[in-house]
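Here are some short exercises to work through with the model open beside you. Try each task before reading its solution.

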Amino acid sequence: MATKKATKKAAKKSSTKKAAKKSTAKKSPRKYSPSAGKQVETEMREMKAGKLKSGRSGKKVTNPKQAIAIGLSEARKKGAKVPEKK
């Protein structure tokens, strides 16, 4: 009986050591700042509520891609970290 308990304890210890190891891969830096994400999120909410209007024409925005573009554009104006337009 003593050997069974000892092997169970050894198995538990080895499994916890494997889980404790962290990956050594480097993370890439953020392309979009968290504030830019929040800006896009608010624009998407406006679009879903039917309150988002496009710039000059003032028409309702119904396309999610267009709402994202508006959010990123406004984030750029505020100075958030956003890649340049293509």
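**Exercise 1. The overall fold**

How many helices and how many strands does the protein have?

Solution. Begin with the ground rules: this is a predicted model, in which local features need pLDDT of at least 70, side-chain atom pairs count only at pLDDT 80 or more, and totals for chains, interfaces and linings use all residues. Residues are numbered from 1 along each chain as its sequence is written, and side-chain values use heavy atoms, with hydrogens and water left out.

Next, assign the elements: helices (H or I, at least four residues) and strands (E, at least two) are DSSP runs, numbered from the N terminus. The protein has three helices and zero strands, giving the pattern α-α-α along the sequence.

Then look at the whole chain. Of its 86 residues, 19% count as buried, where buried means under 20% relative accessible area, exposed means over 50%, and partly exposed lies in between (1.4 Å probe, protein chains only). The accessible surface comes to about 7,900 Å², and carbon and sulfur atoms hold 56% of it; areas come from the Shrake-Rupley method with a 1.4 Å probe, and for residues only the protein chains shown count as cover.

**Exercise 2. A helix pair**

Describe how H2 and H3 pack, and sort the residues of their contact.

Solution. First, the geometry: H2 (residues 34-49) and H3 (residues 64-78) pack at an angle of about 140 degrees, with axes 8 Å apart. Axes are lines fitted to C-alpha atoms, for helices over the stretch in contact, and angles run from 0 to 180 degrees between N-to-C directions.

Second, the class: H2 and H3 are therefore oblique to each other. Angles under 35 degrees count as roughly parallel, over 145 as roughly antiparallel, 65 to 115 as roughly perpendicular and the rest as oblique.

Third, the residues: the contact (heavy atoms within 4.5 Å) includes Ala36, Val40 and Met44 of H2 and Ala67, Ile68 and Leu72 of H3. The residues of this contact divide into 10 nonpolar, two polar and three charged. Here Ala, Val, Leu, Ile, Met, Phe, Trp, Tyr, Cys and Pro count as nonpolar, Asp, Glu, Lys and Arg as charged, and the others, Gly among them, as polar.

**Exercise 3. Buried or exposed?**

Place serine 33, arginine 30 and valine 82, and work out their surroundings.

Solution. Start in the loop between helix H1 (2-20) and H2, where serine 33 sits. Serine 33 counts as buried because its relative accessibility is 14%. Leaving out residues up to four places away in sequence, serine 33 touches Ala80 and Lys81.

Arginine 30 lies in the loop between H1 and H2, yet at 56% relative accessibility arginine 30 counts as exposed. From arginine 30 to lysine 81 the C-alpha distance is 8.8 Å, although 51 residues separate them in sequence.

Now move to the segment after H3, which holds valine 82. Valine 82 is buried, with a relative accessible area of 14%. Among the residues valine 82 touches, not counting those up to four places away in sequence, are Tyr32, Ala36 and Leu72. The C-alpha atoms of valine 82 and leucine 72 are separated by 7.2 Å.
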